[in-house]
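Let's take a friendly walk through the ligand sites of this model. Have the coordinates open and follow along.

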Amino acid sequence: MVSVLGGGAFGTALAISLAQKSPVILWARAPEDMAQNRENKARLPGCELPEAITVTGDLALAIKDDILLVAVPLQSLRGFLAGHADAFTGKTIVACCKGIELSTGAGPATVIAETIPSATSAILTGPSFAADIARGLPTALTLACAEDAAGARLQQALTTANLRIYRTTDTAGAELGGALKNVVAIACGAAMGAGLGESARAALMTRGFAEMQRFAAHRHADPATLSGLSGFGDLTLTCTSQQSRNYRLGLALGSGSDFDASTTVEGAATARAMHEVAVKNALEMPITAAVTGLLDGSLDVKSAMASLLNRPLKEE
Ligand SMILES: NC(=O)C1=CN([C@@H]2O[C@H](COP(=O)(O)OP(=O)(O)OC[C@H]3O[C@@H](n4cnc5c(N)ncnc54)[C@H](OP(=O)(O)O)[C@@H]3O)[C@@H](O)[C@H]2O)C=CC1
Ligand SMILES: O=C(CO)COP(=O)(O)O
């Protein structure tokens, strides 16, 4: 059986999809409202929880299962796993989060390996809005697991009628694609919010993808992974849809409107983390630098765009 740990939008959507096949435990740290109303009104309104889902706040009950999907934000992942390290010993842990840790520069697969070395670690990533999955719309994701046999088992276990899962052993590539596309989505949102137009967005997506490939090469990821669902696929979705919170943060920055600071926006911390790694390693990441400047208030969109346009001319 599969348990989903984390009662946010994505965890709830995955539980709803998996419940088509077998019973699922959905653990949340505040489960009461969801358990009572059979709906995650706060994070995924309008999606009824099927009977096959048991909502619980009892982590010991949820961790009894073999396959544990962990859907908490990346910056909380290490603390969450370390806080229950004994219970996670020897389990199969699939991180369902996207980002790079601010304190270490590590992605989710590395965080699992460092905190629970006895676990089999994997990542589930790719272009998918929680609401689409929960509504049963067709979605394709990437399951990355360094151990191919374990990856194949997870691929079978997690595929549902509407969730088609591809697999790879390149965990570094999969985690970087999912993390870095959020930074580019903030840049694209900012350009659109400031009225710079769709041609500017296409340029940012393309040159942002070049930054993603550069960063991934630095981490010895397979370039082919970046061209797949977890990289190019998710970049396309996130940079073009107002369903994306990263894109919406960018829109707010670009248009000078308010944004609810309690929203989960993985790209904000990831931009800062990437920028730090890039500076330390002399990696050329101008869009990431511009997004970091927008986020810390040291740049406005006009000067951020000027900083990109005024760089020395180069070959593509
Ligand atoms: N939403 C989407 O469409 C998709 C999201 N993702 C990824 O999924 C991950 C989670 O995002 P999402 O579900 O959307 O976010 P939400 O903001 O909807 O929910 C985050 C959840 O994480 C819980 N949480 C936060 N910190 C902790 C902690 N320390 N211990 C336990 N639980 C914690 C929150 O609990 P509480 O409610 O109690 O605060 C909340 O239930 C992100 O990395 C995101 O990039 C991936 C694909 C699609
Ligand atoms: O990762 C996602 C889509 O694949 C969700 O995007 P946001 O976190 O920007 O909402």
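A polar side-chain atom of threonine 264 comes to 2.5 Å from an oxygen atom of ligand 1. Taken alone, ligand 1 exposes 900 Å², and the protein buries 84% of that (accessible areas come from the Shrake-Rupley method with a 1.4 Å probe; for residues, only the protein chains shown count as cover).

Before going further, a word on the ground rules. This is a predicted model, in which local features need pLDDT of at least 70 and side-chain atom pairs count only at pLDDT 80 or more, while totals for chains, interfaces and linings use all residues. Residues are numbered from 1 along each chain as its sequence is written, chains are lettered from A and ligands numbered from 1 in the order in which they are written, and side-chain values use heavy atoms, with hydrogens and water left out.

The table lists polar contacts of both ligands (a polar contact is a pair of N or O atoms within 3.5 Å; within protein, one must be able to donate a hydrogen and the other to accept it, and residues adjacent in sequence count only if both atoms are side-chain atoms).

| Ligand atom | Protein partner | Distance |
|---|---|---|
| Ligand 1, nitrogen | serine 76, side chain | 3.3 Å |
| Ligand 1, oxygen | arginine 245, side chain | 2.8 Å |
| Ligand 2, oxygen | glycine 126, backbone | 3.3 Å |
| Ligand 2, oxygen | arginine 245, backbone | 2.9 Å |
| Ligand 2, oxygen | asparagine 246, side chain | 2.7 Å |

For ligand 2, the protein covers 92% of the 300 Å² of accessible area that the ligand has on its own.

Now for the shells (a residue is near a molecule if one of its heavy atoms lies within 4 Å of it). Ligand 1 is surrounded by 21 residues, and the closest are Ala9, Ala130, Arg245, Thr264 and Glu266. By type, this shell holds 11 nonpolar, five polar and five charged residues. At least three of its residues come from each of domain 1 (2–169) and domain 2 (180–310), with bounds from an automatic or database domain assignment.

Around ligand 2 there are 13 residues, the closest being Lys98, Asp234, Ser244, Arg245 and Asn246. They divide into three nonpolar, six polar and four charged. α12 (229–238) and α13 (245–255) each supply at least two residues of this shell, and α12 gives the most, with three residues; helices here are DSSP runs (H or I, at least four residues), numbered from the N terminus.

Why does ligand 2 lie between the two domains? Domain 1 (2–169) and domain 2 (180–310) both give residues to the shell around ligand 2, so ligand 2 lies between them.

Note on methods: Ala, Val, Leu, Ile, Met, Phe, Trp, Tyr, Cys and Pro count as nonpolar, Asp, Glu, Lys and Arg as charged, and the others, Gly among them, as polar.
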